Every structure is written in structure tokens, then in C-alpha cells.
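Got the viewer open? Let's take a short walk, one selection at a time.

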Amino acid sequence: LYGTVLSGETLLQKFYGEKQRDKESCVAWSCRLEDYIYEAMEQGMVTPDAARKSLPSRFWSGLEWVAG
């Protein structure tokens, strides 16, 4: 309820700088990205259209390839 509130700039930095973590599922990774971009959208840092356009490319570029 009273978690840490990050600034819009910090949220965008996290959105563009983060990668999928070791042993993190694709679902968890996509939810984490959505949290960052939608929070930035709520703070007026990004438009809904820009959020919709940036999520897919950011998701695919941040996935980690795991062998076997």
C-alpha cells in the first residue's frame, strides 16, 4: 500500500535498462515491464500509444536465451 514511489525518469530507465533475470519466467518478465511502463504512463512520462508500441520490442530484446 505504501511502497516506494519511483520517479517517472527512474521508471523509464528501469524499463529500458532491465533484462530478464536468471530463472525469471517470461510471464514474470513481461509483468515487470508492464509495471514499469504503466507506472510511468500514470505519471505522465509516456503516452498510452507509446507504451503499447514500446512494450513488445522491449520484451523481446530483454529476453534471455537459455540452453537446454
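Here is what to click on, stop by stop.

A word on ground rules: this is a predicted model, where local features need pLDDT of at least 70, side-chain atom pairs count only at pLDDT 80 or more, and totals for chains, interfaces and linings use all residues. Residues are numbered from 1 along each chain as its sequence is written, and side-chain values use heavy atoms, with hydrogens and water left out.

Start with α3, residues 48-62 (helices are DSSP runs of H or I, at least four residues, numbered from the N terminus). Its 15 residues reach 21 Å from first C-alpha to last, close to the 21 Å expected at 1.5 Å a residue (that is, 1.5 Å times one less than the number of residues).

Now zoom in on Ser54: α3 bends there by about 30 degrees, with Pro56 following within four residues. The bend is the angle between axes fitted to the seven residues ending at a residue and the seven starting there.

Next, select Ala51, Ser54, Leu55, Arg58, Phe59 and Gly62, the buried residues of α3 (buried means under 20% relative accessible area, with a 1.4 Å probe and protein chains only). Their cover includes α1 and α2.

Add Phe15, Tyr16 and Gly17 of α1, which meet Ser54, Leu55 and Arg58 of α3 (contact means heavy atoms within 4.5 Å).

Last stop: Glu18, in the loop between α1 (8-17) and α2 (26-42). Is Glu18 buried or exposed? Its relative accessibility is 17%, so Glu18 counts as buried. Show Trp29, Arg32, Tyr36 and Arg58 too: Glu18 touches them, leaving aside residues up to four places away in sequence.

Definitions and conventions
Helices (H or I, at least four residues) and strands (E, at least two) are DSSP runs, numbered from the N terminus. Buried means under 20% relative accessible area, exposed over 50%, partly exposed in between (1.4 Å probe, protein chains only).
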